[in-house]
Amino acid sequence: MTAPVQEVLLAEPRGFCAGVDRAIEIVERALERFGAPIYVRHEIVHNRHVVEDLRRRGAVFIEDLAEVPPGAVLIFSAHGVSRAVQDEAARRGFRVFDATCPLVTKVHVEVAKLRREGYEFILIGHAGHPEVEGTMGQLDGGIHLVETVEDVARVQPSQTERIAVVTQTTLSVDDTAEILAAVRARFPNLREPKQQDICYATQNRQDAVKALARQVDVVIVVGSPTSSNTNRLRELAERLGVPTHMVDDASELRDEWFAHAPRVGVTAGASAPEALVQGVVQRLKALGATAVRRMDGPVETMRFPLPKGLKSAGA
């Protein structure tokens, strides 16, 4: 007879980060202040439950600005947008609130500044991800995307004296280090950011998963498949040799995952609400868990200010 679940360990920190908190609050305050509908370019954050909740409250998620009526309120998602999208929104006369994570905006500002100084860029990231599209779209050219170490050898910049590197903020720290080493080896004059672009919340959650995986028999990562940082948590736990499953919510849990797993670790990507984590915990209690323990970890106190025009909404 196999042992039931006995203990649940919760990673610290997990779930919402400051950028996600801010982005969701921007949509909520815009709905309060201007009423429905509010238009949002792309999913505000990559979590199905968050998007569906905001949609029920009057948010309309679009990809093409042609879908937005004249004079409407438009919000850019936390992932950021290209200069072309910003310019089109201005031409169409929308009332725009930018929910781009300030840590993504920092990358955009750095790219624009160094381009004026004649730099070309190596961007470490995933093709097709909206953050990558937004960062590449800050320039008309001179930015080269690499996803693997092998990609680095294929880059053909117009010169090699002024090359800078930037990264997607939600990547795996370990994977990025390997690619970055290859970039450094190929471009000895490489300019790197003063602080790494991978955000503090991504780093903290990955560190927490490393500590968690050493103590449990299986890891559950709460988050949606479209979330980059959530996928990196899953990959990291798997790489550490622990059976790992990513779920949108408790309904996706399977009893057989826990047949030989008395200790279950639970974490959540930066766009997953804590309520979903607690739903998973309740399901694990139903499977026999009698103890729930929070691991030690850094306390995140970062808060990002809201855009002008929304700070007093709902007060």
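Which residues line the second largest cavity? In this predicted model, select Ala18, Asp21, Arg22, Glu25, Arg303, Phe304 and Leu306 to display that lining. The space enclosed there amounts to about 30 Å³. By class, three of the lining residues are nonpolar, none is polar and four are charged.

**The largest cavity**

A search of the whole structure finds two cavities of 30 Å³ or more, and the next stop is the largest, with a volume of about 260 Å³. It is lined by 21 residues; select Val20, Ala78, His79, Thr170 and Asn229, the closest to its centre. Then colour helix H1 (18-34) and helix H9 (228-239), the elements that each give two or more residues to this lining. The lining comprises nine nonpolar, eleven polar and one charged residues.

**Around helix H1 and strand E2**

Move next to the loop between E1 and H1, where Pro13 lies. The peptide bond from Glu12 to Pro13 is cis, with omega near -5 degrees. A second stop is the loop between H1 and strand E2 (38-41), which holds Pro37. Here a cis peptide bond joins Ala36 and Pro37, with omega about 0 degrees.

Continue to the loop between E2 and H2 and select His42. Although His42 is not a glycine, it has a positive phi of about 70 degrees. Most residues other than glycine have a negative phi, and most peptide bonds are trans. His42 is also buried, with a relative accessible area of 15%.

**Helix H10**

Now select residues 274-286, which form helix H10. This helix of 13 residues reaches 19 Å from its first C-alpha to its last, close to the 18 Å expected at 1.5 Å a residue. Show the side chains of Leu276, Val277, Val280, Val281 and Leu284, which are buried. Viewed down the axis of H10, the buried residues fall within an arc of 145 degrees, so they line one face of the helix. An α-helix has 3.6 residues a turn, so residues three or four places apart point the same way. Turn to the other side of H10 to find Ala275 and Ala286, which are exposed.

To see what covers the buried residues of H10, display strand E1 (7-10), helix H2 (48-56) and strand E9 (218-222), which are among the covering elements. Strand E10 (244-247), strand E11 (263-268) and strand E12 (291-294) also belong to this cover.

The tour ends at Gly288, just after H10, which takes a positive phi of about 125 degrees.

Conventions. Residues numbered from 1 in each chain as written. Predicted model: local features only at pLDDT ≥ 70, side-chain atom pairs only at ≥ 80, totals over all residues. Heavy atoms only, no water. Helix = DSSP H or I, 4+ residues; strand = E, 2+ residues; numbered from the N terminus. Expected span 1.5 Å × (residues − 1). Buried < 20%, exposed > 50% of the residue type's maximum accessible area, 1.4 Å probe, protein only. Arc of directions from axis to C-beta. Contact = heavy atoms within 4.5 Å. 1 Å grid on protein atoms, 1.4 Å probe; cavity = no way out; pocket = protein on both sides within 12 Å on 5 of 7 lines; lining within 4 Å. Points joined across faces, edges and corners; volume = space filled by probe spheres on them. Nonpolar A, V, L, I, M, F, W, Y, C, P; charged D, E, K, R; others polar.
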